[in-house]
Amino acid sequence: MEYGNSTENGIGKSNGIGNGHGIGNGYVNGHGICNGHGNGHGIGNGHGNDNCYVNCNGKVNGEKVKKMKPMDSEMLREQGHIMVDFIADYYKNLEDSPQDFPVLSQVQPGYLRDILPDSAPDHPEPLKELLHDVSKKIIPGLTHWQSPSYFAYYASSTSVAGFLGEMLNAGLSVVGFTWLTSPAATELEVIVLDWLAKLLQLPDHFLSTGSGGGVIQGTGCEAVLVVVLAARDRIMKKAGKNSLSQLVVYASDQTHSSFRKACLIGGIHEENIRLLKTDSSTNYGMPPKSLEEAISSDLAKGFIPFFICATVGTTSSAAVDPLVPLGKIAKSYGIWMHVDAAYAGNACICPEFRKHIDGVENADSFNINAHKWLFANQTCSPLWVKDRYSLIDALKTNPEYLEYKVSKRDEVVNYKDWQISLSRRFRSLKLWMVLRLYGAENLRNFIRDHVNLAKHFEDYVAQDAHFEVVTTRYFSLVCFRLAPVDGDEDKCNERNRELLATVNSTGKIFISHTALSGKFILRFAVGAPLTEEKHVTEAWRIIQKHATEFIHNKKK
Ligand SMILES: Cc1ncc(COP(=O)(O)O)c(C=O)c1O
């Protein structure tokens, strides 16, 4: 470390500690003591006095230092450019210098506490110094979800349009909890969710012009929670206030864990959550017969079946529950059916995948996660309901301080009554930008590319006799494993577990795993926006290379 040059002319002492190279001048010199840490190195070396927003109680060059404004348009302009450059460089480097970005972070727990100060600074620090810390201290602790070699879980899809939408949202920072508090935020959400519903060919009753409508929840977990609450209140109006302990819900054993959590939050007794068994005979989709039997059995015992959660594209293996027969059962018993299509629902904007949500006509609610596979950066979870009043009745609040007069009362939506929280982000802006800046046909093609890349990987697996594809692939997820030798499933699980750990420890790719029928399964999910065929081919090469250690009995 060198002492940097304190070039400013303020009066008094400046401890401009300039770390390293670059210009890095101690930038602040009010009188009195000002600890300007001028870290010159890293991103964009400190030039001159550009950090003069630092307002100690003094003067710079004899001029009174302006009081710092939290939202200063000129500072925003200057620093916003720096930030955009930083982020653009990140994406470029992810592609050009993958060796510098282990896809799965390789740090150890607690690594950050050792390298960050114990307490917040009393005085402002320059953005460039902070970005230097991001590069050196934060980025090593990131798992690079946007890396082209990210194939774990389901992707968190980003795009320039989604990014710009987030940026605009952050900049405008309006809070549209009622129509009044930002009419455009509410009205755009209504319109954009109608657009998206039409792209998905959802039935008319999910449109704002029908009995229902759409709302953007933060996450899939929030989406399932609000519909469980709506369905619970609907049934309790009929069954009585004391019926909670009799209420029963159904889903498959592949359903996302958020369903159980939503039920527990909603007061549903844990023992009344029926998770129906699935297996390879239905490719892990919920068997309608099991549902019918469970409902009959529960009714015979005096329980009140009120909710079915079906999934199109399960988290584990992208299994698809058969909506047509499930919907018929739901309808015949008057049970609310929700369709969780968090991942695969996005693909249903393509006509060739739309068949997977055939039967959604009989659902009461449906959600997708546009942040998973519709290029709408985290987070954005559109939810549609068939009867908006069932949701509103469960969630509405009417405090005097939010009352307002409006000429066409029946035409306004107050989204606070469609969600848990009051405050809400202007997420439709982002979705609108994604839809407008790409157009539906490009979005369909992005999705098709991912599915084709997954198919490519599946072909590699199928051609190698040491491996096997474990489930029928519908979308961009391939479930596969090293095949058992001599039928030894335990040893097979162990080898696959080790293969996963070895492959991920290279930092070159990141894949994840699941368990199906007691088998340890590897998951290869395509969905990161930078992934191309060469990345898939390289990923397969890495997996194959490490697998040879097991295949030739060097290990185990
Ligand atoms: C099928 C399914 N449902 C729900 C969720 C939860 O979504 P979120 O993380 O947005 O709450 C996921 C997440 O992976 C999922 O795959």
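Here are some numbered notes on the packing and the aromatic residues of this predicted model.

1. Let's start with the overall picture. The protein chain has 556 residues, and 52% of them are buried. Its secondary structure comes to 13 helices and 14 strands. If you count contacts with a separation of 6 or more, 69% of them are between residues 24 or more positions apart. As for the outside, the chain exposes about 25700 Å², with carbon and sulfur atoms supplying 54% of that area.

2. Next, the inside. The largest nonpolar core is made up of 69 residues, and Phe366 and Trp384 are the ones with the most contacts inside it. Phe366 is a good place to centre your view: leaving aside residues up to four places away in sequence, its partners include Leu200, Leu202, Phe206, His338, Val339 and Ala341. Also touching Phe366 are Ile357, Val360, Pro382, Leu383 and Trp384. There is a second, separate core too, with 34 residues, among them Val224, Ala230, Leu383 and Ile392.

3. Now for the rings: the structure holds 24 aromatic pairs. One of them joins Tyr154 and Tyr343, which are stacked at 3.7 Å centre to centre with 10° between the planes. Tyr154 sits in the loop between strand E3 (150–151) and helix H3 (160–172), while Tyr343 is in the loop between strand E8 (336–340) and strand E9 (365–367), so this pair ties together parts that are 189 residues apart in sequence. Both Tyr154 and Tyr343 are buried.

4. Have a look at Phe259 and Phe307 as well. Their ring centres are 5.8 Å apart and their planes lie at 20°, so this pair counts as stacked. Here a helix meets a strand: Phe259 belongs to helix H6 (residues 257–265) and Phe307 to strand E7 (residues 304–311), and the two are 48 residues apart. Phe259 is buried, as is Phe307.

5. Some rings gather in a group. Phe151, Phe457, Tyr460, Phe467, Phe480, Phe524 and Trp540 make up one aromatic cluster.

6. Finally, two arginines are worth finding. Arg523 has its charged end over the ring of Tyr154, 4.9 Å from the ring centre. That brings us back to point 3, where Tyr154 is stacked with Tyr343. Arg274 likewise places its charged end over a ring, that of Phe303, at 5.2 Å from the centre.

How values were computed. Residues numbered from 1 in each chain as written. Predicted model: local features only at pLDDT ≥ 70, side-chain atom pairs only at ≥ 80, totals over all residues. Heavy atoms only, no water. Core = buried A, V, L, I, M, F, W, Y, C linked by side-chain atoms within 4.5 Å. Buried < 20%, exposed > 50% of the residue type's maximum accessible area, 1.4 Å probe, protein only. Contact = heavy atoms within 4.5 Å. Phe/Tyr/Trp six-rings, centres within 6.5 Å; stacked < 30°, edge-to-face > 60°. Helix = DSSP H or I, 4+ residues; strand = E, 2+ residues; numbered from the N terminus. Lys NZ or Arg CZ within 6 Å of the ring centre and 35° of its normal. Areas by Shrake-Rupley, 256 points an atom, 1.4 Å probe, with all protein chains shown as cover.
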